[in-house]
Amino acid sequence: MSDSRHPKKKEVLHWHALSAEEVLLKTKSALKTGLSVAEAKSRLIQYGRNVLVEKAGRSLWRMLLDQFSDFMILVLIAAAVISGLIGDAKDTIAIIVIVVLNAVIGFVQEYRAERAMAALKAMAAVSAKVLRNGEIVALPASEIVPGDVVVLEAGNVIPADLRLLEAVQLKVDEAALTGESLTVEKHTLAIAGDKLTLGDRKNLAYKGTVVTYGRGLGVVVATGMESELGKIAASLQEDGESKTPLQKRLASFGKRLALVVIAICAIVFAVGVMRGEGAVLMFLTAISLAVAAIPEALPAVVTISLALGARKMVKQHALVRRLPAVETLGSVTYICTDKTGTLTQNKMKVEEIFVDGELLREWGGHERGGLWELLFRALALSNDASQSKHGKPGGDPTEVALYVAALEAGFDKVKLEQEAPRLLELPFDSERKRMTTFHRDPQGAVAFTKGAPESLLPRCSGMLTAQGNVPLPLDEMLATAERMAADGLRVLALAYRAWPTLPEANELNDSKVEEIESSLVFLGLIGLMDPPRREAHEAVSLCRTAGIIPVMITGDHPQTARAIATRLGIVSDGGKVMTGAELEQLSEAQFEEQVLDIRVYARVDPQQKIKIVKALQDKGEFVAMTGDGVNDAPALKRADIGIAMGKGGTDVAREASALVLLDDNFATIVHAIREGRRIFDNIRKFIKYTMTSNAGEVWTIFLAPLMGLPIPLLPIHILWINLVTDGLPGLALAAEPAEKGIMRRKPRPPKESIFAHGMWQHMLWVGLLMGGVSLITQAWSIHTGSAHWQTMVFTVLCLSQMGHVLAIRSETQSLFRIGLFSNPLLLAAVALTFTLQMATIYVPFLQPIFKTEALSMDELLLCIALSAVVFFAVEIEKLLVRRGVLYQNG
């Protein structure tokens with residue numbers, strides 16, 4: 001809906017500040033009759049249908065075609081064509097399979113991402129009851145217009161954004177939209193303030209949320225894309241996904257590599273022809289060298305590394321929806337996490353009980369006097385939780401927590417109700433902030449009242465102590481309740497009153513209720529909290545060790561957020577907590593000045609989550625964001641890696657995310673980050689291995705003519721080394737275990753080169769060493785008159801690469817320390833490669849294919865000895881790295 005067709009747009013943000021009468025006046029509607037049929041038709045034309053509008057997406061064929069536009073993929077396709085032209089069908093087929101596999105994986109990932117909007121649409125109500133011409137009619141939700149009066153009942157999905165006109169014990173589940181885990185009790189009174197968060201606008205009900213209790217009426221103030229759900233849908237379509245660090249690095253690497261390879265091949269061809277070599281042979285050699293220099297196994301290794309990592313992560317309760325996300329985790333510098341269920345247990349628990357000046361944190365098995373017995377009887381009896389068939393209590397989270405606390409102290413509600421059944425009740429409501437239940441007692445009846453301390457304590461005339469009923473020190477008890485609340489606890493006060501006879505139920509008007517809930521005797525204060533997960537504190541500590549900063553973003557109250565964050569070590573005592581209202585007042589520039597210092601955000605809105613992510617990204621940080629509600633979807637998509645909740649999350653959040661936590665546990669994110677770092681390390685090791693090997697081949701062929709030696713390798717030798725040595729051992733590097741101290745390193749800067757920390761220097765000097773050893777072998781063989789010099793060079797170059805792959809399994813630790821058998825897959829790949837190489841030399845029918853000759857035992861032993869030079873040289877390099885001599889500045 002465009003701005004011009006929505007004259008109320010400026011007022012939409014302030015509907016909560018208007019009275020019900022003012023809202024009806026501005027929407028030109030009526031409480032008793034609603035809209036007329038004619039007016040509704042007119043408004044449907046004016047405002048449009050009440051649906052979420054989806055922008056036109058890319059067609060499937062376009063999505064598939066885009067998978068082939070990456071520069072590295074184009075280079076591989078060119079290599080496949082060239083391989084086919086020179087008659088090497090195996091390499092052509094291998095490259096085509098790799099390219100197609102990558103395209104299919106990329107296509108599937110993008111197609112799944114497009115489903116986020118479909119999941120959002122599925123949340124919308126299908127039909128609704130509205131008043132038209134004074135009569136209640138059922139209509140498709142898409143036909144509802146601003147000004148319609150909607151009838152709400154328990155179980156209804158709210159069809160549009162409504163300003164409530166009537167609310168009778170109306171409770172709405174807004175968890176999917178606001179992230180608030182508790183149901184919200186609604187009312188109809190105007191609420192002052194134009195900067196309130198969605199969760200604080202308790203006289204509004206939002207499209208897509210669910211009525212759980214009570215009934216009500218509301219006038220429609222926003223439909224379709226103008227509703228809060230519609231705004232989220234718009235954000236979801238605006239924010240495109242950015243490439244992962246690995247994708248950016250590989251794209252840059254591919255472009256530079258292609259230019260270098262073309263230059264080297266041109267030089268090799270020119271120098272060979274100038275020396276008198278045949279032009280055809282030099283052309284084939286140059287082309288073979290080009291194919292060899294391109295690491296065509298790289299996309300396959302990356303894909304397999306990510307897939308194996310994803311498979312391992314499922315066992316650790318993390319489901320990867322987009323493969324590149326596995327590696328992205330290794331770059332994370334900030335984790336913006338929700339509180340409820342991720343850092344906490346997502347269930348309320350009684351943490352403290354204050355009675356007669358004594359604060360209790362443990363009560364199971366305690367023998368207490370009559371005062372404590374009465375308090376626990378009150379907790380058990382004045383309680384609406386019920387036991388399920390499976391023995392687990394169910395109901396409102398607060399009621400369940402009180403029920404469990406009483407049960408732990410030995411007071412079973414079911415048994416107590418047999419002797420003291422409930423006779424009468426005054427239900428809780430948001431105005432009184434209290435509830436009262438009457439139970440049979442030997443002296444007549446006893447009434448237990450519980451509620452907010454500020455509401456209940458002033459109604460108490462005394463306090464029960466070990467010495468009996470004494471006057472209530474009101475200020476002291478209110479101060480105690482405030483101290484408990486400041487610790488992040490939700491505080492309830494508990495009182496009782498003895499009744500000789502039961503009040504008449506038909507006389508329970510407002511004044512009678514006020515009379516009944518007076519002259520109470522105060523029993524104690526109950527402090528409740530959704531406590532932190534046991535493993536969360538250790539996970540936060542591990543984050544800090546790994547250089548990752550955890551940030552809590554919650555819809556909860558600031559005191560509760562601070563208390564949990566302090567317990568977990570996210571923020572120190574007195575650390576700053578920024579509220580959504582404070583964040584709203586700051587410009588982007590002002591906020592970016594503070595964003596790196598803030599660890600806790602409370603009472604935030606969906607758009608503010610995006611603001612937080614953007615500010616951190618603008619500061620060069622790499623952000624992981626967790627979320628479970630519809631409100632989280634745009635921020636999940638905007639973050640460098642979105643992490644959705646698998647247990648309590650919505651489909652919309654899951655579809656917008658890259659990773660799903662199957663156990664909704666913060667510690668699982670930390671495990672996933674460790675796995676991401678391991679995978680990136682292994683991809684780096686493969687690039688180091690394959691590019692060093694390729695450099696060795698290039699140097700061997702490039703330097704031989706300059707040293708007056710004949711071309712040492714034929715095209716078939718180059719392609720064989722490329723196919724066998726790059727392929728099997730390279731793929732086996734994907735299974736390499738994590739480096740020691742992997743979570744004591746700082747995160748990789750997202751813009752850091754993939755060749756940092758001495759990698760390009762290693763590739764240069766080890767490649768030169770491989771080439772040098774091969775050329776020494778060639779020169780010595782020719783000098784001694786050996787007819788097998790070409791086979792010896794072929795063998796030394798191949799086996800040098802086997803020694804190299806064993807040496808680079810760790811960037812710092814010696815192979816003898818990590819153990820030869822700690823990666824059995826790699827050991828098997830090296831053994832198989834050695835066997836295949838021996839087959840090309842000694843199997844008679846392979847000799848004419850590979851242009852080889854059988855080596856004598858002395859020649860073979862010499863080849864093995866010369867090949868070992870590379871292994872020991874790299875071991876010496878790692879020793880120097882450990883001692884701080886090499887690569888200290890990247």
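Start with the contacts across the whole protein: among those with a separation of 6 or more, 73% join residues 24 or more positions apart. Keep in mind as you look around that this is a predicted model. With everything displayed, you have 34 helices and 26 strands on screen. Of the 890 residues in the protein, 55% are buried. Now switch on a surface view: the protein exposes about 37,400 Å², and carbon and sulfur atoms supply 59% of that area.

**Stop 1: two helices that cross**

Select residues 536-545, which are helix 20, and residues 666-706, which are helix 27. How closely do the axes of these two helices approach? They come within 8 Å and cross at roughly 35°. The crossing is left-handed. To see what touches, show the side chains of Ala539, Val540, Leu542 and Cys543 on helix 20, then Phe666, Ala667 and Val670 on helix 27. Colour them by class and you will find 7 nonpolar residues, with no polar and no charged ones.

Stay on helix 20 and pick Glu538, which also belongs to this helix. Is Glu538 buried or exposed? Its relative accessibility is 62%, so Glu538 counts as exposed. Next, draw a distance line from the C-alpha of Glu538 to the C-alpha of Gly569: it should read 9.3 Å, for two residues 31 apart in sequence.

**Stop 2: a link across the sequence**

Select Lys637, in helix 25 (residues 633-638). Lys637 has a relative accessibility of 18%, and because buried means under 20%, this lysine counts as buried. Now add Ser235 to your selection. How far apart are Lys637 and Ser235 in sequence, and how far in space? The answer is 402 residues in sequence, and 9.4 Å from C-alpha to C-alpha.

**Stop 3: aromatic rings**

The structure holds 8 aromatic pairs. For one of them, select Phe816 and Phe871, whose ring centres are 6.0 Å apart. Turn the view until you can see the 90° between the planes; this pair is edge-to-face. Phe816 sits in helix 31 (residues 815-818) and Phe871 in helix 34 (residues 857-882), so their pairing ties together parts that are 55 residues apart in sequence.

Which of these two rings belongs to an exposed residue, and which to a buried one? Phe816, at 63% relative accessibility, counts as exposed. Phe871, at 10%, counts as buried.

Before leaving the rings, select Trp372, Phe376 and Phe411, which ring pairs link into a cluster.

**Stop 4: two unusual backbone angles**

Here is a general point to carry into this stop: most residues other than glycine have a negative phi. Select Ser519, in the loop between helix 19 (510-516) and strand 20 (520-529). Its phi is positive, about 55°, although Ser519 is not a glycine. With a relative accessible area of 45%, Ser519 is partly exposed.

Finish at His757, in the loop between helix 28 (715-732) and helix 29 (759-783). What is the phi of His757? It is about 60°, again positive in a residue that is not a glycine. At 43% relative accessibility, His757 counts as partly exposed.

Conventions
Residues numbered from 1 in each chain as written. Predicted model: local features only at pLDDT ≥ 70, side-chain atom pairs only at ≥ 80, totals over all residues. Heavy atoms only, no water. Axes fitted to C-alpha atoms, helices over the stretch in contact; angles between N-to-C directions. Helix = DSSP H or I, 4+ residues; strand = E, 2+ residues; numbered from the N terminus. Left-handed = near helix turned anticlockwise from the far one by under 90°. Contact = heavy atoms within 4.5 Å. Nonpolar A, V, L, I, M, F, W, Y, C, P; charged D, E, K, R; others polar. Buried < 20%, exposed > 50% of the residue type's maximum accessible area, 1.4 Å probe, protein only. Areas by Shrake-Rupley, 256 points an atom, 1.4 Å probe, with all protein chains shown as cover. Phe/Tyr/Trp six-rings, centres within 6.5 Å; stacked < 30°, edge-to-face > 60°.
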